Amino acid sequence: MKKLIVASVGVVAALALSSCSGTGGDAGPSTELNVYAWADEIPQTVFDAFTEETGIAVNVDNFDSNETMISKLAAGNSGYDIVEPSQYAVQQLVGQELLEPLDKSKIEGIDNLAPKFADPSYDPGLEYSVPWVWGTTGLLYNAACTGGEEITSWTSLFDPKWKGKINMLDNMLAAYIAGLQVNGYGADSTDEAEIAKATESLIEQKPLLSGYNSTNYGELVASGDVCISEAWGGTSTAKIVEQNPDVHYVLPEEGGSLWVDGLSIAKGAPHQDAAYEFINFLLRPEIAAMATNDGGLASANAAAQEHVTDQGLLSNAAVYASDEQVANADFIVDPGKAMRFYQDGWTRVKAS
Amino acid sequence: MTATTRAIHLGRQEKPKRGSLLLLIPGIASVVLLGVLPLFIVARNSFAVADDYGGITDGLTLENYTKLLDPVYSKTLLFSLGLGLLNTVVCLVIGYLTSYYIVSRPTNRQGFLLLLVIIPFWTDFLVRTFAWITILGSGGPIAGILGIFGIAGFSVIPSNLAVILGLLYSFLPTAIFPIYASMRSIDPSLKEAATDLGASWWGVHRRVILPLSSPGILGAALLTFIPTMGVFVIPVLLGGGKDPLVGNLIVTLYTEFRNQPMGAAVSMVLLVLMLASMALVGLALKRSSTKRSSTKKTEA
């Protein structure tokens, strides 16, 4: 009965959609584009330039976590054309059939992407996403607080020497990057024993922590309330590094990890022609460079680097980590069935 | 509240007319649509099976509840209950004293004092919590005062003390208003009479004002206890996130863990606990009112 209702609702919706797109086709190309993106990752200047060139009005909504975005898309009828999932979220969205496969014949300029992002493990052949910006998970520390000691390894996060002055990101997958790599495993492990060992390390680490915080950890490090914190690279971290000469961001020698947020087309997007136009626009090197110039983030577009006005950012590890560090870092991918081991472990860590 | 009691009284006096039932339809429809229906969906989901991507499949299982018997969950639940109770008690004591102070001011000043209580709440909740980070943090005034006495580098954040302060600050007004409302209706001459008859300050409160304002106090207890259980920002920002509350657990289950059925199960457990606490308060109210009317009768 329920299935029947769902099916009939689906048929009605499909009819409504097809009639809409039918009239849309008659009236010419779309004049609107609905974008659902991370806050501040696609600078307003990019949207403005797009609207100016194409006349297509862009409506932007922001989300603050992949999980929020996924649940909104999963609820159905979101009306979004372009969404901006992170690498593991692409896998999850594909698994839930919430993304349209990309028609490569409609995309121009995909060769501009940096080699690391041309054929990534989370989306082989870039069937569903076009990488836009990327960053790293590493260590943020305050040299004034550590007494000038350089921090280069995850082991410092587990060192009793810094008891009460350590912060971890309040995020399961992020915490396990440190927990797994400090034990010599890959951050994308799906092995039950390895994850159990990481859980053990994280439980042992808990009494040493000032706390789990993924909101204002940068300020905590800058003020010296915390000496060392696990940290996400990106705009806010880069700003703190720039403002305070004592604060440094490094990728740990164990590797750290890489995130990448890309552009995808939502299933049933009402303005697909405009969505492809938008993706092509963002693949242009001079537009992609605006992610760095106006957004302070690293662009996945290699050809964009020469258009970056502040060339110093290309050597700021909190924005552009060096090529060899990037090669050494793991992509965090969807753990699939192993998610259970992570969740059980993380629940135990939090309750310990 | 008054509208409902009036409706109940009306109902006792005469049968509602068909016209008035028609008028009720929009209200009932919105309550069913926005309140009851979502609740039923959550209840249904709590018995469902999650797929790997956080979706809900059609299955029917008790596993989401049996898993909660694991000590890791009961620990979080007990900690939240404890913190909720502690916060309620602290809010009630301070709320009672504040309300008493406001009620004993001249009537024309009371409105202004209540306004002072509510003004901070014109600002967003998150902004106020960040303000507490500044006040209690290492660069803040408290650390500055302690610095004068030679205690350097002291920060109240992160600690459970900071969490308790943050909770108290957030829920104090919800305790003050119901208590104030019930205290205001107490005839001031009762207090004078009690004092004339030799009751001490403590005696006046214990035997006169406290019993008479008990409906407000019990209401305030519910209004602070129930939302405290659902708080999830304060423990992270002020407490360092090392001791999660039930609210944090639900957020984690729904978002990070993509386990809606289990999140729904925890929500249902919380709901049952809250209904139970409301039932307890209801019973207490009933008992105190029958007791009062029976003592009145014996006195008469």
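1. In this predicted model, strand β4 of chain A and strand β10 (residues 298–299) of chain A pair in the antiparallel sense, over 2 bridges. The residue of β10(A) that serves as bridge partner of Trp134(A) is Ala298(A).

2. The pairing with β10(A) is one of several that involve β4(A), a strand that spans residues 130–142 of chain A and is mostly covered, with 13 of its 13 residues buried. Strand β9 (residues 257–265) of chain A runs antiparallel to β4(A) and is joined to it by 7 bridges; within that pairing, Gly135(A) has Trp259(A) as its bridge partner.

3. Two further antiparallel pairings of β4(A) should be read alongside these. Strand β7 (residues 228–232) of chain A is linked to β4(A) through 5 bridges, and here Thr137(A) is partnered by Trp232(A). Strand β8 (residues 247–250) of chain A is linked to β4(A) through 4 bridges, with Val247(A) as the bridge partner of Asn142(A).

4. As for the division of chain A, the domain assignment gives domain 1 as 20–133 + 260–317 and domain 2 as 135–258 + 330–351, so that each domain is written as two segments. The C-alpha centres of domain 1 of chain A and domain 2 of chain A are 29 Å apart.

5. Between the two domains of chain A, 15 residues of domain 1 are in contact with 13 residues of domain 2. On the domain 1 side of this contact, helix α4 (residues 87–95) of chain A gives the most, with 4 residues, and the composition of that side by class is 7 nonpolar, 7 polar and 1 charged residues.

6. Elsewhere in chain A, strand β1 (residues 32–38) and strand β2 (residues 57–63) run parallel and are joined by 7 bridges; in this pairing Trp38(A) stands opposite Phe63(A). Together with helix α2 (residues 44–54) of chain A, strands β1(A) and β2(A) make a right-handed β-α-β unit.

7. Turning to the contact between the chains, 27 residues of chain A are in contact with 22 residues of chain B. The elements of chain A that give two or more residues to its side of this contact are α3 (66–74), α4, β6 (209–212) and α14 (339–351), and the largest share, 5 residues, comes from α14(A). By class, the chain A side that touches chain B has 6 nonpolar, 14 polar and 7 charged residues.

8. In chain B, Ala50(B) is found in strand β1 (residues 49–50) of that chain. Why does Ala50(B) count as buried? The reason is that Ala50(B) has 23 C-beta neighbours inside 10 Å, where 20 or more are required for a residue to be called buried. Leaving aside neighbours within four places in sequence, Ala50(B) is in contact with Ile56(B), Asn259(B), Gln260(B) and Pro261(B). The C-alpha atoms of Ala50(B) and Arg258(B) are separated by 8.2 Å, although the two residues are 208 residues apart along the chain.

9. On confidence, the mean pLDDT of chain A is 88, and 92% of its residues reach 70 or more. A reader should nevertheless treat residues 6–27 of chain A with caution, as pLDDT stays under 50 over this stretch, for which the model has 3 contacts beyond four places in sequence.

Terms used
Residues numbered from 1 in each chain as written. Chains lettered and ligands numbered in written order. Predicted model: local features only at pLDDT ≥ 70, side-chain atom pairs only at ≥ 80, totals over all residues. Domains from an automatic or database assignment. Contact = placed C-beta atoms within 7 Å. Nonpolar A, V, L, I, M, F, W, Y, C, P; charged D, E, K, R; others polar. pLDDT = per-residue confidence, 0-100. Buried ≥ 20, exposed ≤ 12 C-beta atoms within 10 Å, placed from the backbone. Pairing = 2+ DSSP bridges. Right-handed = clockwise from strand over helix to strand, strands pointing away.
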